[in-house]
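Me: I've got a model open and I'd like to check the labels people put on it. Can you walk me through the reasoning behind them?

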Amino acid sequence: MSHGFPASFQWGVATSAYQIEGAVAEDGRTPSIWDTFCRVPGAIDGGDNGDVACDHYHRMPADVALIKSLGVDTYRFSVSWPRVQPGGRGPVNPAGLAFYDRLTDELLGAGLNPWVTLYHWDLPQELEDAGGWPARDTAYRFADYAMLVFDKLSDRVDAWTTLNEPWCSAWLGYFEGVHAPGRRSFDDAIAAVHHLLLGHGLATQRMRAAATRDHTFGITLNMGQADPATDSPLDVAAARRADGMGTRIYLDPLHKGAYPADVVADLAARGTSLPIRDGDLDIISTPLDVLGVNFYFGQDFSGTSPAGSETDEAGRPVVREVPIPDRPRTAMGWPVTPERFTKLLVRLHRDYPGLPLIVTENGAAFDDPPPADGTVADLDRLDYLRTHIAAVADARAQGADVRGYFAWSLMDNFEWAYGYAKRFGIVHVDYETQQRTLKQSAQWYRDLISRSR
Ligand code: FCB
C-alpha cells in the first residue's frame with residue numbers, strides 16, 4: 001500500500017475510437033454520426049474531423065508499446081460500431097472486428113488488461129437516419145452489435161463498459177445540438193435517455209447470459225457534483241434539478257429500478273415524459289458489477305437569473321450554472337475542483353451502496369508549452385492529476401469503494417466539437433509527423449504507479 005492505494009488498484013489510460021483511430025473509410029467502415037457532423041459548417045472548431053486523428057489504426061502496435069512503457073495495468077479503448085457492423089445492422093464485418101482482435105492480443109501480450117467500451121458516441125449514420133437514440137429500435141440494434149463484439153473478444157476481455165456518458169449522447173447530441181447528431185429537441189433528448197439506458201440493459205443481460213467465465217460489466221457516467229451556489233432554497237432547488245437531470249435520471253433506474261419522482265415531476269411540468277414500457281426498468285436495472293465515473297469539474301447552481309428572476313422566458317424555474325469563486329481554470333474554461341471529486345465519490349458510495357466504482361476518465365486540457373528537450377513541461381496538467389488522484393485517495397479513506405483510475409487521455413486527440421485545439425493527452429502528439437512525446441505528466445504518472453507497487 002502506498003499513497004492510500006492497495007497493490008490491487010488498477011491504474012490505466014483511456015482513449016476512444018473516433019478520437020484516435022482515423023482510417024474512417026478503411027476495411028469496410030461506414031460513416032458514423034460524427035463523420036457526418038464534422039462536415040456541418042461551423043460545427044467543429046477549425047473545421048477539424050477524425051479522418052486521420054492520431055492514425056492509431058495504423059500505429060496500434062507502437063501505441064501499445066507506448067502504453068506499456070507507462071507501467072499501467074489496463075487500457076480503456078472503445079470499439080467503433082460502424083467498423084464492426086457497417087450501417088448498424090446485419091452481419092459482422094470481419095475486417096473491422098479484426099482490428100480489435102489484434103489490439104486485444106497486442107495488449108495481452110504486453111501484460112495489459114483490455115477494458116472495452118462498446119459505445120463512445122459513434123452511432124452508425126444509418127441508425128440516426130432511422131431515428132437515432134430517440135427511437136426505441138436503436139436500443140435493440142445496440143444489443144445486437146454488442147453481442148458481435150462480445151462473441152469475438154469475451155474469451156480474452158474481462159471488463160466491459162456498455163455506454164460512455166449517455167448524458168452527452170442525449171443532452172449534447174439531441175438537446176443542445178453541440179455534439180453529433182446536432183438536434184435541438186428536449187423531447188428527443190428525454191427519449192434518448194431512456195433508450196440509451198434500455199440499450200445498456202439489453203446488452204448487459206445478453207452478454208451476461210452468454211458469458212462462460214467471470215466478467216466485469218458496467219456503464220460509465222459523467223458526473224459533475226452539482227452543488228447549490230448558496231444555501232438559499234432557490235439555489236438548493238436549482239442544484240437538485242441539475243443533479244436530477246445529470247446524475248439521478250441515470251443512476252436511479254440503473255441501481256434502484258425507478259426514475260426519481262422529482263425528475264419525473266419536473267418533466268411532467270414541461271409536458272414531457274420518459275417513453276417507458278412495461279418491463280423496461282427490470283431490464284435497465286440488471287445488476288452492474290462496477291460503475292464507471294468520469295469526473296472533470298464540479299458545478300455550482302443558482303436558482304435566479306442575473307437579473308434576479310426565478311423563472312426564465314418560458315416561465316420555467318431558473319437552473320443557472322455560476323462560477324465557483326477563486327478557482328484556476330483549464331483550457332476548456334472548467335474550474336479545478338479536486339475536493340468536489342472526493343465529495344462525488346463519497347456521495348455515490350453513500351447513495352448507491354454496494355456498487356464498486358472505477359474512475360474511467362479524469363484529466364485536463366491546458367495550453368501546453370511546445371515540446372523541448374524530448375518532453376513537454378505540462379506542469380498544470382501534472383498538478384491537476386496529482387491533486388485529483390489525491391482526491392481519490394481521500395474518498396477511499398472515507399470509505400468509497402474506488403478500485404481504479406484511468407487518466408484521460410493517453411494522448412492528445414480529436415476533442416469533439418473543439419477539434420484538435422484542446423489537448424488532454426499525457427502524451428503529446430505532433431499531428432504533422434504523428435510523433436508521440438511523453439509529457440512530464442506522463443513521466444510523473446509512470447513514477448507514481450511504480451511507487452504504488
Ligand atoms: C468526456 C469524453 C471524452 C473526452 C473528455 C474530455 O466527456 O468521454 O471522450 O472528450 O470528455
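Me: Why are α5 and α7 called oblique to each other?

Reply: First, keep in mind that this is a predicted model. The axes of α5 and α7 (residues 137-153) are 10 Å apart and pack at an angle of about 40 degrees. Roughly parallel needs an angle under 35 degrees, and roughly perpendicular runs from 65 to 115. The angle of about 40 degrees fits neither class, so α5 and α7 count as oblique.

Me: Which residues make that contact, and which hand does the crossing of α5 and α7 have?

Reply: From α5 you have Leu97, Tyr100, Asp101 and Thr104, and they meet Leu148, Val149, Lys152 and Leu153 of α7. By class that gives five nonpolar, one polar and two charged residues. The crossing of α5 and α7 is right-handed.

Me: What makes Thr104 buried?

Reply: The cut-off for buried is under 20% relative accessible area. Thr104 has a relative accessible area of 0%, so it counts as buried. Thr104 belongs to α5, which covers residues 94-109. Leaving out residues up to four places away in sequence, Thr104 touches Phe77, Pro114, Leu153, Arg156 and Val157.

Me: Why is α10 called roughly perpendicular to α11?

Reply: Helix α10 (residues 233-256) and helix α11 (residues 261-269) have axes that come within 10 Å and cross at roughly 110 degrees. The window for roughly perpendicular is 65 to 115 degrees, so the label applies to α10 and α11. Their crossing is left-handed.

Me: What sits in the contact between α10 and α11?

Reply: On the α10 side there are Arg240, Arg241, Gly244, Met245, Arg248 and Ile249, and on the α11 side Asp262, Val263, Asp266 and Leu267. Sorted by class, the contact has four nonpolar, one polar and five charged residues.

Me: How do you know that the protein chain is as compact as a globular protein of its length?

Reply: Set the two radii side by side. The radius of gyration is 21 Å, and the globule rule gives 22 Å for 453 residues; those values are close, so the chain is as compact as a globular protein of that length. The C-alpha trace spans about 55 × 50 × 45 Å along its principal axes. Of the 453 residues, 60% count as buried. As for contacts with a separation of 6 or more, 77% of them come from residues 24 or more positions apart. The chain has 15 helices and 13 strands.

Me: How do you know that Val293 counts as buried?

Reply: Same test as before: buried is under 20%, and Val293 has 0% relative accessibility, so the label holds. Val293 is part of strand β7 (residues 290-294). Apart from neighbours within four places in sequence, its contacts include Leu221, Met223, Leu344, Leu345 and Leu348. Val359 and Glu361 are also among the residues in contact with Val293.

Me: And what makes Pro306 exposed?

Reply: Exposed means over 50%. Pro306 comes in at 73% relative accessibility, so it passes. Pro306 is in the loop between β8 (299-302) and β9 (320-322). Its C-alpha atom is 9.0 Å from that of Arg320, a residue 14 positions away along the chain.

Me: Why do Asp326 and Asp373 count as exposed?

Reply: With the cut-off at over 50%, Asp326 is exposed because its relative accessible area is 77%. Asp373 is exposed too, because its relative accessibility is 80%. Asp326 lies in the loop between β9 and α13 (338-351), while Asp373 is in the loop between β10 (357-361) and α14 (379-397).

Me: What is phi near in Asp326 and in Asp373?

Reply: Phi is near 60 degrees in Asp326 and near 55 degrees in Asp373. Both values are positive, and neither residue is glycine. Most residues other than glycine have a negative phi.

Me: Where are the cis peptide bonds from Ala180 and from Trp408?

Reply: The bond from Ala180 to Pro181 is cis, with omega near 5 degrees, and Pro181 is in the loop between α8 (166-175) and α9 (186-210). The bond from Trp408 to Ser409 is also cis, with omega near 10 degrees. Ser409 is in the loop between β11 (402-408) and β12 (427-430). Most peptide bonds are trans.

Notes: Residues are numbered from 1 along each chain as its sequence is written. This is a predicted model: local features need pLDDT of at least 70, side-chain atom pairs count only at pLDDT 80 or more; totals for chains, interfaces and linings use all residues. Side-chain values use heavy atoms; hydrogens and water are left out. Axes are lines fitted to C-alpha atoms, for helices over the stretch in contact, and angles run from 0 to 180 degrees between N-to-C directions. Helices (H or I, at least four residues) and strands (E, at least two) are DSSP runs, numbered from the N terminus. Angles under 35 degrees count as roughly parallel, over 145 as roughly antiparallel, 65 to 115 as roughly perpendicular and the rest as oblique. A crossing is left-handed if the near helix is turned anticlockwise from the far one by less than a right angle, and right-handed if clockwise. Contact means heavy atoms within 4.5 Å. Ala, Val, Leu, Ile, Met, Phe, Trp, Tyr, Cys and Pro count as nonpolar, Asp, Glu, Lys and Arg as charged, and the others, Gly among them, as polar. The radius of gyration is taken over C-alpha atoms; the globule rule is 2.2 Å times the number of residues to the power 0.38. Buried means under 20% relative accessible area, exposed over 50%, partly exposed in between (1.4 Å probe, protein chains only).
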